[in-house]
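Grab a pencil and work through a few short exercises on the model below. Each one comes with a solution in steps.

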Amino acid sequence: NALKRPNVVFILVDDSGYNDIGYHNRSQEQLPRIRTPHIDALADSGIKLTNYYVQPICTPSRAALMTGRYPIRYGVNGFTISAEAPWGIPLSEVFMPQFFKEAGYVTAMFGKWHLGFFKPHYLPTHRGFDRQSGIYNAMADHFTHEIRGGYDWHVNDESRFLARGHYSGELVRDDAVAFIEEMSRNSSSSFFLYIPFQEAHSPYQAPQRYLEMYPELTFWPARQNLA
């Protein structure tokens, strides 16, 4: 369909530094210190923005992205929304997926929200997303999805306990792939897909098979998990 609008996939990688991306520290002589082959492939086949600045932590990055405004306007410049916080990004702000919905797009988000969750109207499906899965907070365990005595894995804004024991990054990946495959069979609808992975946010955890990719960091567990 020549008139179909382009699909948009936005992948947000949490709390990573400049040299945590493979193509920033690779050479012909050696592999990159941190191996990110899929990100490298996307960059190599696209456009690299080499003079571009973002906020260094979770909520400010997301607030700026979703609203297009400086996060200092919401009091979150260098500050994040805690699990107990009775506030969120003001409902008067229009989020990016709301504009996509107005344009006729199907919208989905799989990953970490962290923009307010103390009332239903602050949750993803009330702020422009047709579908959602992931955590609302920042620092839930990547396997149990527990944080400060509570459980935080939700699908379409309802708790999903079957996710317990499954690694958050793989849950997000699988939901995103399933959504893209589903939408590829629906040629009449374009989609906006937002994928804000929980990784590499604390607590620093990863499946064993990923840890084994960095045997040189065995004696530095925190860094091995981050890698």
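**Exercise 1.** Find which residue of β3 stands opposite Lys112, then place that pair in its sheet.

*Solution.* Lys112 stands opposite Ile135 in β3. Next, look at the strands: β2 (residues 106-112) pairs with β3 in the parallel sense over 5 bridges. Strands here are DSSP E runs of at least two residues, helices H or I runs of at least four, both numbered from the N terminus; two strands pair if DSSP finds at least two bridges between them. Now zoom out: the open sheet has 6 strands in the order β1-β8-β2-β3-β6-β7, with mixed pairing. Its edge strands are β1 and β7 (158-159), each pairing on one side only.

A word on ground rules: this is a predicted model, where local features need pLDDT of at least 70 and side-chain atom pairs count only at pLDDT 80 or more, while totals for chains, interfaces and linings use all residues. Residues are numbered from 1 along each chain as its sequence is written, and side-chain values use heavy atoms, leaving out hydrogens and water.

**Exercise 2.** Is Thr36 buried or exposed, and what does Thr36 touch?

*Solution.* Start with location: Thr36 lies in the loop between β1 (8-12) and α1 (37-44). Thr36 has a relative accessible area of 14%, so it counts as buried (under 20%; exposed is over 50%, partly exposed in between; 1.4 Å probe, protein chains only). Then the neighbours: leaving aside residues up to four places away in sequence, Thr36 touches Asp20, Ile21 and Gly22 (heavy atoms within 4.5 Å). Finally, a polar atom of the Thr36 side chain lies 2.7 Å from the backbone nitrogen of Gly22.

Conventions
A polar contact is a pair of N or O atoms within 3.5 Å; within protein, one must be able to donate a hydrogen and the other to accept it, and residues adjacent in sequence count only if both atoms are side-chain atoms.
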